[in-house]
Amino acid sequence: MAFWWFVVLLITPNLQPSVSLSTNSFRHRSRIPHYGSSYPGRRHALCINNDGGHSSCHIPWGPSLRSGVSLPDGDIRSSSKCLNSQPNNCNNHRDGDITHQTHHDKHHDRRSFLERSALLSAISVGAFGSSADTANARGLARFPCKDPLSNTYHFLRAGSSLLEVEDIWSTNPLFLTNREAALSELGEEQVTEACRYLKSTGIQPTVVRYSLAAASIDSANIVGEELNIGRDRLVPEFNYMDPRAIGAWDFAALNATEEAVWALDADEAGQYGKGGKPPPNEDGTPSETLADQVVRLTNLLSVLETLYSGDTVLLVFPDGTGPALLSCLMGGIPLNRVHELQFRPGEIRCDVDFNSINALASRPPSPTYLDIIQRGRVELKQLRDNPDLLRNVKDLKFEEERELERKELEPERKKLDAKRKEEDKEKELEMQRKREERLQLQNDAKELEAKRKEEAKEKELKRRRQREERNNASENSIDTSSIGIIAAVVGGAAVALGALFGVDESEEIVSGGQNATDSDTGNQTLLNSTTSGVDSEANTTLIDDDPPEKESDGQIQQSEVDDDDSL
C-alpha cells in the first residue's frame, strides 16, 4: 500500500507535507484541494493526531496572507491554535489568523523521502483505513484469454476477392490495397449473407475494425450499409490484420499452394508456430511463420482492449488464417492446429471467446481437412524439389498471353518477314547495279584517258613527221637554188665563151643553159607543187591541231619566205 501512495505522491506535485512536533501530540499537515468547502478561495489542511483523530483547518488560498506576509503560491503556514495539544481546537481559529510555522523548511520541493513516507503511511492508516482494492489492469492481452474480455468479439472473413476467384494467392502487403484484389460479385453475396445472419441473431456491432486490404474495405462498407453503422464506427486497421506473407510462393495458384502451406504448418510449425517458414522472395514479399503473425494479432487485441470497453467489436479479416490464428491464441490451442479452425470466404463466427473456441477445437478433424493435408504434403514436396520452377500465376499468364499473341501474329509476321526480305533483296540489287555503273564509269574513264593519250601520242608523231618533212623540204629548196645559181653561172659562162669563140658554140652553150634553165624551171615547178602540197597539208593540220601546231605553221611560212629569198 505504501508503494501505491508513493506513486500517487510522484504524480501529484501539489501534495507537499509539513511536520509539526509538540510535547503532547504529533500532527501532520498537508495541503490538498478542498472541493466541497463553501470557501472556494481557501485551502484545506488535514490535521492527523496521534490518536487517529483528524480535524480540518481553512487556510487562505491567495499568494499573500492577511497579515501582510508574502508567501509563494502553494506554501502553507499552520495556525497557532492548530499546534496545541487539543485536537478539537483546530476548528476554533479565526480565518486568516497566521503564525510562523514551527520546524518547517522553506524549500518544500527538497523534502526528504522519509517525510513523504510518513505522510503516506499516516494518510493510509488514519484517513482511509486499512487497504484499498487493487485496480484491474487492462490493455495488454494475455493468452489464453480465460478471464472475460472487456468487449464482445465477432470474426468475419472478407468475401472472395477478384484474385481468389482467378485462383491467385496474393500476400504482399504492398499490393493489398490494389483494386485487382477488390471484392468480387461472389464475395459481395457472401458478405451480404453474413449480414443477414447477424440481423437474424439480433447482433448489432458497435465497432467494425477492418484491414486495409481491398476486399476487407469493400466488405466493411457492405456491413456498414446493411447494419446501418455510422462511418465513425468503421475503423481501419493499418498493419495488425495483414495476412501472413508466403515469400516466393506469393501470386502462386491459390488452391494448390494453400494446401502445401497447410501441410507445412501442420507438420513443422509446432505448438508455438515458430517453424514452417516459406522460402524467401526477391520482390520484397516477406516470408513469415505463424509466430510472426502472432505478434501482430497480439498487438491487435491489446489495442482493442485498451480503446474500447463494453463494445461489440466486429473484426473483418482479409484471409482465413488470421481469425483462426487469433482464435487459437485466445483459446490456448496449439498453433499447428490453426487450419482446423480456418475461415471460409464470407464466414462469420460470433461471440468468440475461450469457451466457444475450445468447444469448436474439441471436435475431431474433418475428413476434408485430412485430405487437404495429404494433398498438401505432395504439393509441398514438389515445390521444394523444384524451387526454380516458375510458380507466379501472373508471370505464367503473361507468358501464355505472349505465346498466344505470337501464334496469332505468326502469319502476319511471316508476311512482314517476306516483304522485308524482298525489300532487302531489291536494295541489294540496286546497290549492285550502282556498283556496276560506277565500275563502268571508271572503266570508260580509263579507256577515254587511254584513247586521249594514244591520240596525243599520234599527234606528237605526226608533228614530228611534219617537222622532218619541212626540214627535208627546206634542204631541197636550198639544193634547187644552188642548181639555179650554177645554171646562171653556166649561162653566163656560155655567153662569155660565145663572145670569145663564136655564135655556134655560144648557142650550144646557151641551149645547154636553156635546158638547164628549163630543168631549173621544172625543178622549181616541182618544188612549188611540193610546197603547195605541204602548205595544203599544213593548213589541214592547222585546222585539226592545237595552237602549238599554229606555231609550226608559222615556222613553215617563215621557211618558205626564206626559200623565196634564197631563190
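Of the 567 residues of the chain, 38% count as buried. The structure is a predicted model. The exercises below treat its sheet, its cores and selected helices.

**Exercise 1. Overall composition**

Task: State how many helices and strands the chain has, and what share of its contacts between residues at least 6 apart in sequence join residues at least 24 apart.

Solution.
- Step 1. The chain contains 14 helices and 11 strands.
- Step 2. Taking contacts between residues at least 6 apart in sequence, 69% join residues at least 24 apart.

**Exercise 2. The five-stranded sheet**

Task: Determine the strand order of the open sheet of five strands, and explain which strands have one side without a neighbour.

Solution.
- Step 1. The order in this open sheet is E8-E7-E10-E5-E11, and the pairing is mixed.
- Step 2. E8 and strand E11 (348–349) occupy the edges; each has a single partner strand, so one side of each lacks a neighbour in the sheet.
- Step 3. Strands E5 and E10 run parallel and are joined by six bridges. Within this pair, Tyr 153 has Val 313 of E10 as its bridge partner.
- Step 4. Strand E7 (residues 207–211) and strand E8 (residues 234–237) are also parallel, with four bridges between them. Tyr 210 stands opposite Pro 236 in E8.
- Step 5. Between E7 and E8 the chain passes through helix H5 (residues 214–227), and this β-α-β crossover is right-handed.

**Exercise 3. A residue of the crossover helix**

Task: Decide whether Asp 218 counts as buried or exposed, and list its contacts beyond four places in sequence.

Solution.
- Step 1. Asp 218 belongs to helix H5.
- Step 2. The relative accessibility of Asp 218 is 16%. Buried means under 20%, so Asp 218 counts as buried.
- Step 3. With neighbours within four places in sequence left aside, Asp 218 is in contact with Arg 179, Ala 182 and Leu 183.

**Exercise 4. The nonpolar cores**

Task: Identify the residues with the most contacts inside the largest nonpolar core, and the elements that each supply at least two of its residues.

Solution.
- Step 1. The largest nonpolar core has 31 residues, and those with the most contacts inside it are Phe 155, Leu 315, Phe 317, Leu 326 and Met 330.
- Step 2. At least two residues of this core come from each of strand E5 (152–157), helix H7 (290–307), strand E10 (312–317), helix H8 (321–331) and helix H9 (354–361).
- Step 3. Another core, of 21 residues, lies apart from it and includes Val 208, Tyr 210, Ala 215 and Leu 234.
- Step 4. Returning to the largest core, consider Leu 315, one of its residues with the most contacts. Neighbours within four places in sequence excluded, Leu 315 is in contact with His 154, Phe 155, Leu 156, Arg 209, Met 241, Leu 300, Leu 304 and Leu 326.
- Step 5. Leu 326 is found in helix H8 and is buried, with a relative accessible area of 0%. Not counting residues up to four places away in sequence, Leu 326 touches Phe 143, Phe 155, Leu 297, Leu 315 and Phe 317.
- Step 6. Leu 326 and Arg 296 are 30 residues apart along the chain, and their C-alpha atoms are separated by 9.8 Å.

**Exercise 5. Helix H6 and its surroundings**

Task: Establish what covers the buried residues of H6, and examine Thr 257 as one of these residues.

Solution.
- Step 1. The buried residues of H6 include Leu 254, Thr 257, Ala 260, Val 261, Trp 262 and Leu 264.
- Step 2. Their cover includes helix H3 (162–165), strand E6 (168–169), strand E9 (252–253), H7 and H10.
- Step 3. Thr 257 has a relative accessible area of 4% and is buried. Apart from neighbours within four places in sequence, Thr 257 is in contact with Trp 169, Ile 246, Trp 249 and Ala 252.
- Step 4. Just after H6, Gly 270 adopts a positive phi of about 85°.

**Exercise 6. Length and faces of helix H10**

Task: Compare the expected and actual span of helix H10, and explain how its buried residues are arranged around the axis.

Solution.
- Step 1. Helix H10 (residues 367–385) has 19 residues, which at 1.5 Å a residue should span 27 Å; the end C-alpha atoms are 28 Å apart, in agreement.
- Step 2. Tyr 369, Ile 372, Ile 373, Gly 376, Glu 379, Leu 380 and Leu 383 of H10 are buried.
- Step 3. Viewed down the axis of H10, the buried residues fall within an arc of 135°, so they line one face of the helix.
- Step 4. An α-helix has 3.6 residues a turn, so residues three or four places apart point the same way.
- Step 5. The buried residues of H10 pack against helix H6 (254–269). The face turned away from the buried side carries the exposed residues Pro 367, Val 378 and Lys 381.

Terms used
Residues numbered from 1 in each chain as written. Predicted model: local features only at pLDDT ≥ 70, side-chain atom pairs only at ≥ 80, totals over all residues. Heavy atoms only, no water. Expected span 1.5 Å × (residues − 1). Buried < 20%, exposed > 50% of the residue type's maximum accessible area, 1.4 Å probe, protein only. Arc of directions from axis to C-beta. Contact = heavy atoms within 4.5 Å. Pairing = 2+ DSSP bridges. Right-handed = clockwise from strand over helix to strand, strands pointing away. Core = buried A, V, L, I, M, F, W, Y, C linked by side-chain atoms within 4.5 Å.
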